[in-house]
Amino acid sequence: MLWKNTYNELIKIAAKPRSYIGIGAITLIVAIILFAMKIDGLNFIAFVTRPFEQSLSFEGNILNGNLIAFLVLQMLIIHVPLLIALVTGDLVSGEATMGTVRLLLTKPVSRTSILVSKYLAGCAYTFVMLLWLMFMALIIGKMLFGTGDLMVLNVDGLTILDEKDVFWRFACGFGLAYLSLVMIATLSLTFSCFSDNSIGPIVSTMAVIILFTIISNLDVPVLQKVQPFLFTNYIVSWRNFFDDPVSVHAILKSTGVLGIHIVGLFSVALYKFNKKDILS
Amino acid sequence: MKSGRCLVVCCVFLILTLQVKSQNSANGYLDAVYGKLEKVKDYSVQANIKVDMPFIRMIPVNVKIYFKQKGKFKVESKSIAIVPRQGFDQLSGILADIRMYTAVVQGEEKIGEIQTTMVNVIPLSDTSDIILGKFWIDPVQKLILRSQLTTKSNGTIGTDYAYGSQTSFGLPDAMIFSVDVKKFRIPKVMTSSITAEDKEKSKKSTEKKKGKITIILSNYKVNTGLPDRVFEK
């Protein structure tokens, strides 16, 4: 029954035009980035290598598909949550807006099962979004720019990873990026349980992301104590897989913090949905 | 009074004579070194490059290096490789045009067990990129064991040379470059790093540091008549 419900929820997501906004936006943005890199990518790279070029010269294919994929993911991964919230923030409140929630709850299944189905459908949508982003960045990037070693741009320098050592890092990075996006999906679903219209949860999710990102970026001592607890700090944790050596501690910490957020927020959503008075 | 004047004239003459002699002998050392290098019309060599730089982390890479007189140089690499800009062609370039420089013997110094002669090279022209070149020359083997080139464009790079299979051509089997790396900071927009650890790393990365690049050269193929198309990009 759970899988049938989840399948139904997936059909609902697929039927809504807004579900394609995110995929369309990713396609357009990545296409623009790939075009810009094809035309002027070497100047972009020179901006990074310039401090070294006084005494060193870089040989080999630096501007390759792996670097492009890394740059695209880096640029977009902090914006994708906003596109995900467009759909996941509407999962419960959208039913209330359309007046179908009463009908939905007359089904002979528990409210918990219904919410879990919606959540699984939201997670599947998030997966498709991220998979599309990876496809555009990695596969199309490699088709246009070829392959080669990956030059990772870190705040403290460059890490050059062997081409053969890159794929597993992308795969694991994909996993951790997915976890952080699932966390965003959980947040918007939770807001969705508190609201009877779609705009509220979507805007609230965006507001929380923007607020937390600003706090994470502020270099003020009083805020530094709070920063480790903000989930926005961990949205870019996938980059830890591209450190050499891989910072296992940072990855475990990120996974832990995101996991706690997911479990905590989903528990709140379950509690609220089970106790919710259906008035629409 | 008369004897005093004579003494001054003698001293000036002696100084000038010594300076000219020093310059002649410095040119002699450099000519002897270049005499060996001049025999090399072209070469290709396999190189293993190990980079030990404060702001760069990478595993050693294997590349193939091509060189042809005059000044044709190419590094062929499937991997990303980092090569010192003053690495291979600049030294022979200086030695080839040594008449464009003033060379002076500065003294002697031991490198390992070998007694070397230090020769300083200063360009005659104001427009030269090179500001100062220092060479530690083994006068017996006629080889440069250490060099330090200071240029306007590339800063200072020190190089230690080790010889083996191609001593007769004056081509080294290993080179160790010491490079100054200026402060390094990538714009935040290019890293998207917002964690506290990243901020800490960013603060640490601003100091000026020294790096080392070790190049092990093997499988030399000298004077095989490399065609010019090898150097086309």
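These notebook entries record what I looked up in the predicted model shown above.

**Conventions.** I number residues from 1 along each chain as its sequence is written, and I letter chains from A and number ligands from 1 in the order in which they are written. Local features need pLDDT of at least 70, side-chain atom pairs count only at pLDDT 80 or more, and totals for chains, interfaces and linings use all residues, while side-chain values use heavy atoms, with hydrogens and water left out.

**Entry 1: chain B overall.** I began with the elements of chain B, which has 3 helices and 12 strands. Helices (H or I, at least four residues) and strands (E, at least two) are DSSP runs, numbered from the N terminus. Of its 233 residues, 46% count as buried; buried means under 20% relative accessible area, exposed over 50%, and partly exposed in between (1.4 Å probe, protein chains only). I then turned to contacts, meaning heavy atoms within 4.5 Å. Among the contacts in chain B with a separation of 6 or more, 55% are between residues 24 or more positions apart.

**Entry 2: strands β8 to β12 of chain B.** I followed the pairing from strand to strand; two strands pair if DSSP finds at least two bridges between them. Strand β8 (residues 130–138) runs antiparallel to β9(B), joined by 8 bridges, and Leu132(B) has Thr150(B) as its bridge partner in β9(B). The hairpin of these two strands has 4 residues between them, and in it Lys142(B) takes a positive phi near 60°. Next, β9(B) pairs with β10(B) in the antiparallel sense over 6 bridges, through a hairpin connection of 3 residues. Here I found Arg146(B) opposite Asp160(B) of β10(B).

Strand β10 (residues 155–162) and strand β11 (residues 174–181) of chain B are also antiparallel, over 6 bridges; Thr159(B) is partnered by Phe177(B). Finally, 8 bridges join β11(B) to strand β12 (residues 209–222), again antiparallel, with Lys210(B) in β12(B) as the partner of Asp180(B).

I also checked the burial of β9 (residues 143–151): 7 of its 9 residues are buried, so this strand is largely enclosed by the rest of the structure.

**Entry 3: two buried residues.** Ser44(B) lies in strand β1 (residues 42–52) of chain B. Its relative accessible area is 4%, so Ser44(B) is buried. Beyond its neighbours within four places in sequence, Ser44(B) is in contact with residues including Lys64(B), Tyr66(B), Asn219(B) and Leu226(B).

In chain A, I looked up Val87(A), which is in helix α4 (residues 80–88). Val87(A) is buried at 5% relative accessibility. Not counting residues up to four places away in sequence, Val87(A) touches Ile13(A), Arg18(A), Ser19(A) and Tyr125(A).

**Entry 4: the largest nonpolar core.** A nonpolar core is a set of buried Ala, Val, Leu, Ile, Met, Phe, Trp, Tyr and Cys residues joined through side-chain atoms within 4.5 Å. The largest one has 135 residues, and Leu133(A) and Ile56(B) have the most contacts inside it. Helix α7 (residues 111–145) of chain A gives the largest share of this core, 14 residues. Ile56(B) has contacts in both chains, among them Phe52(A), Leu158(A), Val51(B) and Ile82(B).

**Entry 5: salt bridges.** I counted as a salt bridge a side-chain nitrogen of Lys or Arg within 4 Å of a carboxyl oxygen of Asp or Glu. The structure holds 13 over all chains. One of them joins Glu9(A) and Lys118(A) at 2.9 Å, N to O. This pair links distant parts of the chain, with Glu9(A) in helix α1 (residues 2–15) and Lys118(A) in helix α7, 109 residues apart. Glu9(A) is buried at 4% relative accessibility, and Lys118(A) is buried at 1%.

Another salt bridge joins Lys16(A) and Asp90(A) at 2.7 Å, N to O. Lys16(A) lies in the loop between α1 and α2 and Asp90(A) in the loop between α4 and α5, so the pair ties together parts 74 residues apart in sequence. Lys16(A) is partly exposed at 23% relative accessibility, whereas Asp90(A) is buried at 4%.
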